Amino acid sequence: MRSSPLSAPASPVSIDTTETEAKHRERTQMAIPSDRETLERAPEPSPALDLQSSLRRRLHSTAAAVVVTDSSSKAIFTSVENLTIDSGEDSGVDTSSDADTRDRVVDGVDREEENKTVSVFNSRQYKDGSGRGEGQGTGGGVPAKFLYRASAPAHRKVKESPLSSDAIFKQSHAGLLNLCIVVLIAVNSRLIIENLMKYGLLIRAGYWFSSKSVRDWPLLMCCLTLPAFPLGAFMVEKLAQHKFISEPVVITLHVIITTAEILYPVIVILRCDSAVLSGITLMLFASVVWLKLVSYAHTNYDMRTLSKSLDKEDLYSNCPEIGDLKGVSFKSLVYFMVAPTLCYQPNYPRTTCIRKGWVIRQLVKLVIFTGLMGFIIEQYINPIVQNSQHPLKGNFLNAIERVLKLSVPTLYVWLCMFYCFFHLWLNILAELLCFGDREFYKDWWNAKTIEEYWRMWNMPVHRWMIRHIYFPCIRNGLPKAVAILISFLLSAIFHEICIAVPCHIFKFWAFIGIMFQIPLVILTKYLQHKFTNSMVGNMIFWLFFSILGQPMCVLLYYHDVMNRKVGTE
C-alpha cells in the first residue's frame, strides 16, 4: 500500500537499499490506482475524502525536496512541481508521478540515468545542459511566498550578457546615448571656451551682408535668368506634340538647351571675381535646373514612345501610374520646376491643406540652424584652416593633426547642412506646394556599405540616377558594373564643377574624392559579406567620408585658393 505524503521527512534521510527495493516490488505488484482514478470511481465525495483531498492539496502546494545519499556520496536533488489550486474546486491532480519519482530515486542511483544529476523545475528536466534555451518566466508558476526562499533556484533560464553580440541590439541603450550627449556637451563646451579665449568673437557686423556682396550681382542676375531654359524646353515639347519637328530635331534641341543652361553660369562665374559661397550657390541651383530639364525631356520622350507603341486602353489598364499621355502642360512644368523633386511626371501625390503654424516653426528652425552653421564656419573652421599648411606639402604629422582637429567642426557643419536643406527646406517647400511624397532621405546614418549610403542620403538625386541613367544603361545592354561606373562618373563631374568653378581652380580634388568611392563600395560590400550583420562598413563610411575625407578636401581647396590669390596679386 502507498504511504501517505505526511510520512515524508523534511530532512535528508538515509534509506537502506534492500528495504527500498522490497517496497518498490510490493508497490509494483499491488498496482494501486492513482488518485484521479479513485476520485472518478467515487460516486459522491464524503466529508472524510474532502478533508483528505484538502490535506493533499495543501501539502502539494509546498516545494518538497528529497535528497538521497548513498555510500559513494552521490546526491540527487528533486524539486517537485508546485501546484496552484483555486479554493473551492477539486482539481483531481494525479500524484502517481510523485510516487514514481520517489520509487525511481531511492538508493542514490537513478534507475533511468545513472551517474547524472537530474533537476526538475516545473516539469522540465535539465540533464547535463540539455533543454538549453527553453525560456521560463520568472517564478515559473511558483507562489510568491516560496519564490525567494533560500531553497528556491536563483537561475532558471539561459541568458546572455546585455553587451554580448547576441543581445546588444535587443534592448535599449538610451542611457549610453545620454552619456554620449553629456560627453559631447562637456567636450564642446571646453572647445568653445578655448576658442573664445584664443580668438575672441569673430562674428562681425558684416557677417550677413557687406559692400563686398555687390560684386555678386552678376551671379544674382544669372540666377534670375535661368528659368528661360525651361521655357525653351516647353516650346520644344509643344512643337513636338503638334508634330511640327521630327524626333531627332527634338533630341538635338534638348541637348543644346541643357548644355547651354549649365555653361551659362560657369562662364559668368569665371568672368566675375565673386565670392566662393555665392558661386557654389549659383552652381548648385544651375545643376538642379539641369537635372530637371533632362528629366522633363526624357520623360516626355518616353511618353511619346509609349503612346505610339501601345493602345491607350491597354496602357491605362496595365500601367495606370504612368499618367496622362495627352500632352505637355505649362502648369505641370511650372509646378515641377519648383517642386522638391528631380523626376518629372504630369501628376504628383498631393496633400489636402497647408499647415501654416508648422511652416512657421520650420522656418524658425531653418534660421537658427543656418546661423549656427555660419557661426561654426567663421568661429572655428576659418581659424583652423588659416593656421594650417598645405596637407600635401608640409609636415605629415602636422597635416594629420590639422585634419583631425578640423574633422569635428566640419562634421557639425555637414550635419547642419543636411538638416537645414533635406529636412527643413524641402519639407517647407513640399508643405507650401502640397507635395505628398516627402521621403527626401532615409536612415543613411545606419548604412553598412558606401553603396547603401549613396542610395539613402539624397533620395531625389538617387531616384533621378536610377530613372534616367542606371536603368536606361541596363536596358541598352550595358553591364551593371558599367552602369554604376557611369552614375559615379556623372556625379563626380558635377561635384567638381560645383566646387572648382567657384574657386577658379581645377585640381580635380572633388572628382577624385567621388571616384574613390568605387573601391570603398567594393571594400565595404566585401566586409559586409564577410562579417554578416556587422557595422564594420558603417565605421569605414564615417571614417573616410566624414572624419578624413571632408576635412582633407577643405584644406586642399583652401590652400589652392589662397595660392591662386597670392599668384594673381
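**Figure 1. A salt-bridge network joins E237, E247 and R304.** The model is predicted. Within this network, R304 pairs with E237, and their closest N and O atoms are 2.5 Å apart. R304 sits in helix α10, while E237 belongs to helix α8 (residues 228–241). The two residues are 67 residues apart, so described as a link between distant parts of the chain. Both R304 and E237 are buried. Side chains of opposite charge can pair when their charged atoms come close. A search of the whole structure finds 10 salt bridges.

**Figure 2. H254 contacts E237 and other residues.** H254 is part of helix α9 (residues 247–271). Its relative accessible area is 8%, so H254 is buried. Beyond residues up to four places away in sequence, H254 touches A233, V236, E237 and A297.

**Figure 3. R355 and E431 form a salt bridge.** The closest N and O atoms of this pair are 3.0 Å apart. R355 lies in the loop between α12 (330–338) and α13 (356–386). E431 lies in helix α14 (residues 396–432). The pair therefore ties together parts that are 76 residues apart in sequence. R355 is partly exposed, at 40% relative accessible area. E431 is buried, at 2% relative accessibility.

**Figure 4. D437 and R463 form a salt bridge.** Here the closest N and O atoms are 3.9 Å apart. D437 is in the loop between α14 and α15 (450–456), and R463 is in helix α16 (residues 459–475). These positions are 26 residues apart. D437 is partly exposed, with a relative accessible area of 35%. R463 is also partly exposed, with a value of 29%.

**Figure 5. The largest nonpolar core has 66 residues.** The residues with the most contacts inside this core are Y296, W414, W444, Y453, W454, W457 and W464. Helix α10 (residues 276–309) gives the most to the core, with eight residues. W444 touches W414, L415, F418, Y453, M456, W457, F541 and W542, leaving out residues up to four places away in sequence. Another core, of 10 residues, lies apart from the largest one. Its members include I384, V385, V413 and C416. In soluble globular proteins, nonpolar side chains tend to be buried together.

**Figure 6. H495 carries an "active site" annotation in an unreviewed UniProt entry.** H495 is in helix α17 (residues 480–503). This residue is partly exposed, with a relative accessible area of 32%. Leaving aside neighbours within four places in sequence, H495 is in contact with A510 and I514. A polar atom of the H495 side chain lies 2.7 Å from the backbone oxygen of S491.

**Figure 7. H504 and F508 lie in the loop between α17 and α18.** Helix α18 spans 509–515. H504 has a positive phi, near 60 degrees, and is not a glycine. F508 has a positive phi of about 60 degrees and is not a glycine either. Most residues other than glycine have a negative phi. H504 counts as buried, at 18% relative accessibility. F508 counts as partly exposed, at 45%.

**Figure 8. C222 and C223 form no disulfide.** The structure holds zero disulfides. For C222, the nearest cysteine sulfur is that of C223, 7.3 Å away. That distance is too far for a bond, because a disulfide needs sulfur atoms within 2.5 Å. C222 is buried, with a relative accessible area of 1%. C223 is partly exposed, with a relative accessible area of 23%.

Terms used
Residues are numbered from 1 along each chain as its sequence is written. This is a predicted model: local features need pLDDT of at least 70, side-chain atom pairs count only at pLDDT 80 or more; totals for chains, interfaces and linings use all residues. Side-chain values use heavy atoms; hydrogens and water are left out. UniProt positions are given in the numbering used here, feature names are shortened, and annotations may be inferred rather than shown by experiment. Helices (H or I, at least four residues) and strands (E, at least two) are DSSP runs, numbered from the N terminus. Buried means under 20% relative accessible area, exposed over 50%, partly exposed in between (1.4 Å probe, protein chains only). Contact means heavy atoms within 4.5 Å. A polar contact is a pair of N or O atoms within 3.5 Å; within protein, one must be able to donate a hydrogen and the other to accept it, and residues adjacent in sequence count only if both atoms are side-chain atoms. A nonpolar core is a set of buried Ala, Val, Leu, Ile, Met, Phe, Trp, Tyr and Cys residues joined through side-chain atoms within 4.5 Å. A salt bridge is a side-chain nitrogen of Lys or Arg within 4 Å of a carboxyl oxygen of Asp or Glu.
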